[in-house]
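Visitor: I am new to protein structures and would like to learn how to read one. Could you walk me through an example?

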Amino acid sequence: MSVEILVIDDNPTNLKLVSELLEFEGHMILKAEDAEEAQVVLARTLPELILMDIALPGMDGLTFTRKLKADERTRHIPIVALTAFAMKGDDQKAFDAGCDGYITKPIDTRKLPEQVAEWLAKEGPKP
Ligand SMILES: [Mg+2]
């Protein structure tokens, strides 16, 4: 299944790594380095999945997730948090903000395509 996925990460190396891994799986990757750029992308297209870095300059990923989940137009898009904060309780913070899942950084390059495939296989409410 080839779908559009929006990857939001302010770290260019990480953004490139994640994008290339998922492009290799045949997906179309939309990239943004912050919430502002992501909003421009989302204004013209609605991806099937969003991978959201939590530590972003400007609006952080949790705040941005709350915003997207409060918006009729974007609330159905699953959001998977990408975060280096592999601390106890941070997964709960991501879920509380409305994230549907959680992937810890550093990214496991062998596992990521599988983790994303699992997300895409999940039935969510469609618009
Ligand atoms: Mg970051």
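Guide: Let's go from the whole chain to one pair of helices. Keep in mind that this is a predicted model.

Visitor: How many helices and strands does the chain have?

Guide: There are 5 helices and 5 strands. Following the sequence, they come in the pattern β-α-β-α-β-α-β-α-β-α.

Visitor: What does the radius of gyration say about the chain?

Guide: Here the radius of gyration is 13 Å, and the globule rule gives 14 Å for 127 residues; the two are close, so the chain is as compact as a globular protein of that length. Along its principal axes, the C-alpha trace spans about 35 × 30 × 25 Å. Buried residues account for 27% of the 127 residues.

Visitor: Which share of the contacts between residues at least 6 apart in sequence joins residues at least 24 apart?

Guide: That share is 60%.

Visitor: Now the helices, please. How are two packed helices described?

Guide: In general, one gives the angle between their axes and the distance between the axes. In this chain, helix H1 (residues 12-24) packs with helix H5 (residues 112-121) at an angle of about 65°, and their axes are 10 Å apart. Angles of 65 to 115 degrees count as roughly perpendicular, so H1 is roughly perpendicular to H5. The crossing of H1 past H5 is right-handed.

Visitor: Which residues make the contact?

Guide: H1 contributes Val 18, Leu 21 and Leu 22, while H5 contributes Leu 112, Pro 113 and Val 116.

Visitor: And how many of the residues in the contact of H1 with H5 are nonpolar, polar or charged?

Guide: The contact has 6 nonpolar residues, with no polar and no charged ones.

Technical notes:
Residues are numbered from 1 along each chain as its sequence is written. This is a predicted model: local features need pLDDT of at least 70, side-chain atom pairs count only at pLDDT 80 or more; totals for chains, interfaces and linings use all residues. Axes are lines fitted to C-alpha atoms, for helices over the stretch in contact, and angles run from 0 to 180 degrees between N-to-C directions. Helices (H or I, at least four residues) and strands (E, at least two) are DSSP runs, numbered from the N terminus. Angles under 35 degrees count as roughly parallel, over 145 as roughly antiparallel, 65 to 115 as roughly perpendicular and the rest as oblique. A crossing is left-handed if the near helix is turned anticlockwise from the far one by less than a right angle, and right-handed if clockwise. Two residues are in contact if their C-beta atoms, placed from the backbone, lie within 7 Å. Ala, Val, Leu, Ile, Met, Phe, Trp, Tyr, Cys and Pro count as nonpolar, Asp, Glu, Lys and Arg as charged, and the others, Gly among them, as polar. The radius of gyration is taken over C-alpha atoms; the globule rule is 2.2 Å times the number of residues to the power 0.38. A residue is buried if 20 or more other C-beta atoms lie within 10 Å of its own, exposed if 12 or fewer, and partly exposed in between; C-beta atoms are placed from the backbone.
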